[in-house]
Amino acid sequence: MPEYKAPLRDIKFVMNELLNSEQHYANLEGAEDATPDMVDAIIQEGAKFCEQVLSPLNQVGDQEGCTWSEDGVKTPTGFKEAYQQYVEGGWPSMTADPNYGGQGLPHSIGLVISEMVGTSNWSWGMYPGLSHGATNTIEAHGTEEQKQTYLTKLISGEWTGTMCLTEPHCGSDLGTLRTKAEPNADGSYSITGTKIFISAGEHDMAENIVHIVLARLPGAPEGTKGISLFIVPKQLPNEDGSAGERNAVSCGSLEHKMGIHGNATCVMNFDGAKGWLIGPENKGLNCMFTFMNTARIGTAIQGLGSAELGFQGSLAYAKERLAMRSLSGPKNPDGIADPIIVHPDVRRMLLTQKVVAEGARALIYLAGQQVDVVHSGKTEEERKHADALLGFLTPIAKAFLTEIGYESANLGMQVFGGHGYIAEWGMEQNVRDSRIGMIYEGTTGIQALDLLGRKVLMTQGEALKVFTKQVHVFCKENADNEQLKEFIEPLAAINKEWGDLTMKVGMTAMKNREEVGAAAVDYLMYSGYAVFAYLWARMAKVALDKMAEGTSEEMFYNAKVQSARFYFKRLLPRTRTHAETMLAGADSLLDMPEEAFAI
Ligand SMILES: Cc1cc2nc3c(=O)[nH]c(=O)nc-3n(C[C@H](O)[C@H](O)[C@H](O)COP(=O)(O)OP(=O)(O)OC[C@H]3O[C@@H](n4cnc5c(N)ncnc54)[C@H](O)[C@@H]3O)c2cc1C
């Protein structure tokens, strides 16, 4: 297993040089505490915790997994103690509302910590990650009493949270869910039903677990319009706020799964458990979107982490492993062979992981800044613009990053040759752990429908324009920059083509709605590569400007330009295939009758 090293120089490059965080925080309402020194100190401390505490537990979690007994679920050795340290360090409260014990720091700083936590130990990070989503949901939709009772405990980290959506017969299509909520005389509800695949549904890390549950009220309309949202605690809170009597909710079993073994994936049985409505009746799915949006950006981080961890492991190996000679003559003449990093194909694998990890970081931090502005922007106009941009970027970040993150994890394994397939090095664990990213929190197919159907076509392309306008301005501003030409010209062409393709797909979709489903995943992947082209061109510009000013970090900045060049020459051309296949029409997918799919 690679020892995780937080990529602090790169984190600072994206925060400070690409996205100008200092200015960004100065423009937010109530972000006075986020001074550069403070932010730096937080990130340094977070890095230490992730490197020293979480990273060593990553392989332990995989090998031991969680264990179920009638008394509850036991997490792997060291998980509970690490969580205790995390709570004592005040990490759960960092970005939460100060009225309920939070520190009120901007959400984008929380994402940096989540990146380091998730890369060093994704399975462990899911426990506080889910609490974060529960916190946001109660913060946005809970009553004052619910906030006092649950929010304060989630924010302090004493209790953790879950999201309970999926049932045995439905995950993507929540309109068919069956869990029932029957009103009690005291204003509470009795929740009955089975939820499956519930991450962190039961564990021994905290004294109580707050389940955020989707269920139907009696007589509720069918489909998604009849779903309400409830808080269902594992232990019912006492008058004094402490965890009291056991509620009728229990973990029936743990799933045996491909990866993320350190995280408990639970079948949860609600047997008339006591719960309380959050938000208005039948508007549960709308309220749950608060949770899901947090979780989607959270899952996008998994894509970044998979690429980063694969890169860190395979880079070290590629410098040491000796095999054959460079095609242009020995590079290590005194050794028995050259290190594999000299071979072009190994370079391809390393550079792919590197540009995916760094591009993903830029995209996630950019999305994080939009989250900050949505919450604390000074004007209504700024908040609205950030909300539109965030809505557009979220499905791309979630699906594109987990897809290419998984590809990168696979490349990390490939660099190791046969040793990559052996557990000891941790590369096969990274592949297994990262595979789920494309499934939970809405599969790639579902994210693609959200992007193309809901975000782009339903707004007549307005959501796309929010982004492409920015790209257009950037291209225009730099049109005369000779050094940037190799990036600006293809970026401007992609930006234009993106709009043209959207029009074409939109036109065919007006005649046949199946065309949306047929084009969606290619459209999403194309969009991901286009967003990355913009971010890599911007990173190249920052680096070129720094070198022009004169810098002692010439190699660092030059590597940024070289990485951008690799991206434009070797990954961006993938858009050619996506452009062609997104226009290939639904017929070749749907013409074959179902019966012909015979085995
Ligand atoms: C390890 C793990 C942890 C999880 N954690 C949680 C959790 O904490 N809480 C929770 O509630 N759930 C959780 N889930 C559930 C997860 O979110 C769902 O599995 C996921 O959303 C997919 O739903 P499904 O499994 O029912 O697949 P289905 O919805 O049955 O989908 C099957 C396939 O059909 C495709 N599909 C479905 N509908 C369409 C459509 N309209 N157009 C195109 N394609 C379509 C999907 O993309 C997918 O490829 C977890 C799952 C796992 C495995």
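How many residues surround the ligand, and which are the closest? The ligand is surrounded by 20 residues, a residue being near a molecule if one of its heavy atoms lies within 4 Å of it. The closest are Thr-166, Ser-172, Phe-197, Ser-199 and Thr-443.

The model is predicted, with local features needing pLDDT of at least 70 and side-chain atom pairs counting only at pLDDT 80 or more, while totals for chains, interfaces and linings use all residues. Residues are numbered from 1 along each chain as its sequence is written, and side-chain values use heavy atoms, with hydrogens and water left out.

**Ligand site**

The polar contacts in the table are pairs of N or O atoms within 3.5 Å.

| Ligand atom | Protein partner | Distance |
|---|---|---|
| oxygen | polar backbone atom of Leu-165 | 2.9 Å |
| nitrogen | polar backbone atom of Phe-197 | 2.8 Å |
| oxygen | N or O atom in the side chain of Thr-443 | 2.6 Å |

Taken alone, the ligand exposes 980 Å², of which the protein buries 62%; accessible areas come from the Shrake-Rupley method with a 1.4 Å probe.

Strand E3 (159–164), strand E5 (189–199) and helix H13 (444–457) each supply at least two residues of the shell around the ligand. E5 gives the most, with three residues. Helices (H or I, at least four residues) and strands (E, at least two) are DSSP runs, numbered from the N terminus.

By class, the shell holds 12 nonpolar, six polar and two charged residues. Ala, Val, Leu, Ile, Met, Phe, Trp, Tyr, Cys and Pro count as nonpolar, Asp, Glu, Lys and Arg as charged, and the others, Gly among them, as polar.

**Helix pairs**

Axes are lines fitted to C-alpha atoms, for helices over the stretch in contact, with angles from 0 to 180 degrees between N-to-C directions. The axes of H10 (residues 344–376) and H11 (residues 380–415) come within 8 Å and cross at roughly 160 degrees. The two helices are therefore roughly antiparallel, the term for angles over 145 degrees. H10 passes H11 in a left-handed crossing, meaning that the near helix is turned anticlockwise from the far one by less than a right angle. Residues of this contact divide into 21 nonpolar, seven polar and five charged.

For H3 (residues 36–54) and H6 (residues 107–120), the axes come within 9 Å and cross at roughly 15 degrees. H3 and H6 are therefore roughly parallel, which applies to angles under 35 degrees. Their crossing is right-handed, the clockwise case.

Notes
A polar contact is a pair of N or O atoms within 3.5 Å; within protein, one must be able to donate a hydrogen and the other to accept it, and residues adjacent in sequence count only if both atoms are side-chain atoms. Angles under 35 degrees count as roughly parallel, over 145 as roughly antiparallel, 65 to 115 as roughly perpendicular and the rest as oblique.
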